[in-house]
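Thanks, everyone. Please have the sequence and the model open while I talk.

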Amino acid sequence: MKYIMVGFACLVLFFVFVFASSQYKAKQVEKYGFMAKENAATFVRDHSTTLGSDDAKVYLVEFMDPACETCAAFSPFVKQIMDANPGKIKLVLRYAPFHDGADYFVKILEAAKRQGKYWETLDVMYKSQPYWASHHNPQPQKIWQFLPRAGVDLEQIRKDMNDPAIQKIIEQDLADAKTLNVRKTPGFFANGKPLQQFGSQQLYQLVLSEIRANYPNK
């Protein structure tokens with residue numbers, strides 16, 4: 001009788017787990033029903049920085065590196081696509097700091113985020129990149145002379161950037177990048193679909209195809 005009761009309890013726990021798991025997946029599908037239904041969290045984490053409407057049906061996920069020249073070059077192009085399609089695209093930034101020492105700049109970005117200055121800081125980073133991100137002679141400390149342009153509290157940045165929680169964000173993003181086979185930056189996904197052939201026109205066509213699929217009457 002004792003073994004029967006234990007077995008019954010295990011069976012109940014199993015069904016509770018299955019139900020809870022299905023409920024979680026259902027919520028994920030409801031939230032990201034248009035994107036990689038089974039593994040939406042691999043694309044968008046709770047810590048991910050986003051830009052655009054929560055009602056947007058096209059999620060453009062970008063794995064980026066603040067020290068990446070191509071990321072800096074593509075940033076205004078991505079914003080142009082968003083401006084041309086107001087309310088339809090939500091940009092999600094993920095980290096893939098593949099360049100040596102790039103973690104340093106990600107930590108600054110995340111610290112700036114706590115001051116509500118994420119996008120201003122990223123803009124300053126991209127524009128000043130040639131001064132501190134030389135691949136032959138990187139000088140990360142030079143970034144500090146440009147950061148005041150973002151309107152941030154520099155001393156608070158220096159404190160917050162060393163929070164272990166930020167390192168965990170970097171590690172999670174790198175793990176997701178590996179899962180999604182992101183090997184170079186920027187790595188783009190539109191509603192979970194990867195940009196197969198890299199290029200601005202190819203990115204535009206990928207995003208446009210998702211807009212047409214999700215806004216057929218507009």
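I'll go through one strand, then the empty spaces, then two side chains.

One caution first: this is a predicted model.

Let's start with strand β4, residues 187-190. In a regular strand, side chains alternate between the two faces of the sheet. So which residues of β4 sit on each side, and are they buried or exposed? Gly 187 and Phe 189 are on one side. Phe 188 and Ala 190 are on the other. All four are buried, so both faces of β4 are covered; the cut-off for buried is under 20% relative accessible area.

Now the neighbours of β4. Strand β2, residues 58-64, pairs with β4. The sense is antiparallel, over four bridges. Look at Phe 63: its bridge partner in β4 is Gly 187.

β4 also pairs with strand β5, residues 193-194. That pairing is antiparallel too, with two bridges. Here Phe 189 stands opposite Pro 194. β4 and β5 make a hairpin, and two residues lie between them. One residue to check in the turn is Asn 191, where phi is positive, about 50°.

Next, the empty spaces. Rolling a probe the size of a water molecule over the atoms shows where empty space is left.

Take the largest pocket. Its volume is about 310 Å³. How many residues line it, and which lie nearest its centre? There are 14 in the lining, and Lys 184, Pro 186, Gly 187, Phe 188 and Leu 195 lie nearest the centre. We are back at β4 here: with three residues, β4 gives the most to this lining. By class, eight lining residues are nonpolar, four are polar and two are charged.

The second largest pocket holds about 160 Å³ of space. It is lined by 12 residues, and His 99, Asp 100, Ala 133, Ser 134 and Pro 138 are the closest to its centre. Seven of the lining residues are nonpolar, four polar and one charged.

Then the closed space. The structure has one cavity of 30 Å³ or more. About 70 Å³ of space lies in that largest cavity. Which elements give two or more residues to its lining? They are β2, α3 (69-84), β3 (89-95) and α5 (118-132). Among the residues in the lining are Glu 62, Met 64, Lys 79, Trp 119 and Tyr 126. The class split is seven nonpolar, one polar and two charged.

Now two side chains. First, Asp 173, in helix α7, residues 164-179. Is Asp 173 buried or exposed? Its relative accessibility is 1%, so Asp 173 counts as buried. What does its side chain make a polar contact with? The partner is the side chain of His 47, at 2.8 Å. Leaving out residues up to four places away in sequence, Asp 173 touches His 47, Phe 63, Arg 94 and Tyr 95. Phe 63 is the residue we met as the bridge partner of Gly 187.

Last, Tyr 104, in helix α4, residues 103-113. The side chain of Tyr 104 makes a polar contact with the side chain of Gln 141, at 3.0 Å. Beyond four places in sequence, Tyr 104 touches Pro 140, Gln 141, Ile 143, Trp 144 and Met 161. Compare Asn 162: 58 residues from Tyr 104 in sequence, and 9.5 Å away in space, C-alpha to C-alpha.

That's the tour. Over to you for questions.

Note on methods
Residues numbered from 1 in each chain as written. Predicted model: local features only at pLDDT ≥ 70, side-chain atom pairs only at ≥ 80, totals over all residues. Heavy atoms only, no water. Buried < 20%, exposed > 50% of the residue type's maximum accessible area, 1.4 Å probe, protein only. Pairing = 2+ DSSP bridges. 1 Å grid on protein atoms, 1.4 Å probe; cavity = no way out; pocket = protein on both sides within 12 Å on 5 of 7 lines; lining within 4 Å. Points joined across faces, edges and corners; volume = space filled by probe spheres on them. Nonpolar A, V, L, I, M, F, W, Y, C, P; charged D, E, K, R; others polar. Polar contact = N/O pair within 3.5 Å; in protein donor to acceptor, adjacent residues only side chain to side chain. Contact = heavy atoms within 4.5 Å.
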